[in-house]
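User: Hello! I would like a close look at one part of this protein, and then a walk outward from there.

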Amino acid sequence: MTHPERKPGPTAEAVADAVYQSIVECAVTLREDVRAGIEQAKETESEPRARAVLDQVLENARIAQQDGVPICQDTGTVWVSLEVGEDLMLPGNALSQVNDAVARAYADARLRMSVVRDALTDRTNTSDNTPAFTEVSFRPGKGATLHVMLKGGGSDNASRVVMLAPGSGAEGVRRTVLECVREKAANACPPLIVGVGVGGTFDKVAGLAKHALLRPVGSPAPAPETARFEKELLRAVNATGIGPAALGGSTTALAVHVETAPCHIAALPVAVNMGCCAMRTASVELISWSDER
């Protein structure tokens with residue numbers, strides 16, 4: 001029986017259908033806000049070679065969508081994040097069909113399989129790009145939203161987690177982000193979206209950075225202080241001159257998004273998660289946040 005004050009949450013079938021459709025769409029479609037960000041960057045980029053690279057990125061995206069072919073040959077691992085309103089009752093098997101949906105989507109769309117069975121002991125390919133990497137979180141309200149990200153190895157490999165001393169402060173965070181960009185951005189296919197997590201614990205801070213990549217390019221953090229810090233970081237990242245495809249220019253990143261959380265008094269966890277120029281995510285409302293069923 002369901003609780004009289006709580007409504008049913010998304011079913012396993014609804015989650016699986018959304019995962020399947022999101023994968024097929026994401027693989028061939030550049031996120032619209034990323035496309036707009038690249039187009040805007042092309043207008044302000046002063047380096048001719050950088051503008052030519054941005055043109056090629058846009059042309060690649062156009063061909064991928066038109067022909068229904070992957071926007072990048074590295075079709076990535078599948079990250080699935082299910083956000084559920086606390087007023088809903090979530091079935092215990094809500095994620096039980098996700099791996100089947102991933103396997104079908106990768107086979108039907110003829111996407112590259114990139115997952116190995118065990119990182120340490122058995123690096124043979126699973127041959128169906130499963131398992132997906134999943135999480136469930138709860139928030140106020142009745143809605144349910146599914147986020148899907150196809151994450152290439154190059155951009156994830158360019159990421160890091162650092163546990164700073166608390167006295168390092170904002171300057172320590174800035175230094176960590178810039179060191180990561182200088183050392184790794186070239187391997188992550190710029191122009192980038194740089195997701196930064198600050199706070200939480202060792203195991204949670206990387207999730208903050210990954211969730212930051214879901215925010216649309218050009219959307220500031222809700223807190224004014226954090227939004228100002230994002231602008232400062234973006235200016236500093238682009239001042240490195242790494243540029244599109246690491247061939248020089250003023251567009252190393254389209255955005256720097258920072259997500260923060262509380263943490264221990266003795267800690268300052270920082271994570272940087274790079275998002276490449278083929279940023280492939282989809283967010284699907286399974287149940288509207290205003291749904292009063």
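In which loop does Arg31 lie? Please tell me what surrounds that residue, and then carry on to the helices and sheets.

Analyst: Happy to help. This is a predicted model, in which local features need pLDDT of at least 70 and side-chain atom pairs count only at pLDDT 80 or more, while totals for chains, interfaces and linings use all residues. Residues are numbered from 1 along each chain as its sequence is written, and side-chain values use heavy atoms, with hydrogens and water left out.

Arg31 lies in the loop between helix 1 (12-28) and helix 2 (32-44). Helices here are DSSP runs of H or I with at least four residues, strands are runs of E with at least two, and both are numbered from the N terminus. Arg31 counts as buried because its relative accessible area is 9%; buried means under 20%, exposed over 50%, and partly exposed in between, with a 1.4 Å probe and protein chains only.

Two polar contacts involve the Arg31 side chain. One reaches the backbone oxygen of Leu213 at 2.8 Å, and another, of 2.9 Å, joins it to the side chain of Thr281. (A polar contact is a pair of N or O atoms within 3.5 Å; within protein, one must be able to donate a hydrogen and the other to accept it, and residues adjacent in sequence count only if both atoms are side-chain atoms.) Leaving out residues up to four places away in sequence, Arg31 touches Ile193, Leu213, Leu214, Arg215, Pro216, Val217, Met279 and Thr281, where contact means heavy atoms within 4.5 Å.

Now for helix 2. Its axis and that of helix 3 (residues 48-67) come within 9 Å and cross at roughly 150°. That angle makes helix 2 roughly antiparallel to helix 3, since angles over 145 degrees count as roughly antiparallel, under 35 as roughly parallel, 65 to 115 as roughly perpendicular and the rest as oblique. Axes are lines fitted to C-alpha atoms, for helices over the stretch in contact, and angles run from 0 to 180 degrees between N-to-C directions. Among the residues that meet are Arg35, Ile38 and Glu39 in helix 2 and Arg51, Leu54 and Asp55 in helix 3.

One of the Arg31 neighbours, Ile193, takes us to strand 9 (residues 192-200), which is joined to strand 11 (residues 268-275) by 6 antiparallel bridges. Two strands pair if DSSP finds at least two bridges between them. In strand 11, Met274 is the bridge partner of Val194. Helix 7 (residues 202-212) packs on this sheet, touching strand 8, strand 9, strand 10 and strand 11, and its direction makes about 145° with that of strand 9. The sheet itself is open, with 4 strands in the order 8-11-9-10 and mixed pairing. Its edge strands are strand 8 (160-164) and strand 10 (253-263), each pairing on one side only, and the twist averages 15° from one strand to the next.

Thr176, in helix 6 (residues 169-184), also meets this region. Apart from neighbours within four places in sequence, Thr176 is in contact with Val162, Leu164 and Val270. Thr176 is buried because its relative accessibility is 6%, and a polar atom of its side chain lies 2.9 Å from the backbone oxygen of Gly172.

Finally, strand 2 (residues 77-85) has 8 of its 9 residues buried. Strand 2 runs antiparallel to strand 7 (residues 144-151), with 8 bridges, and pairs in the parallel sense with strand 6 (residues 133-139) over 7 bridges.
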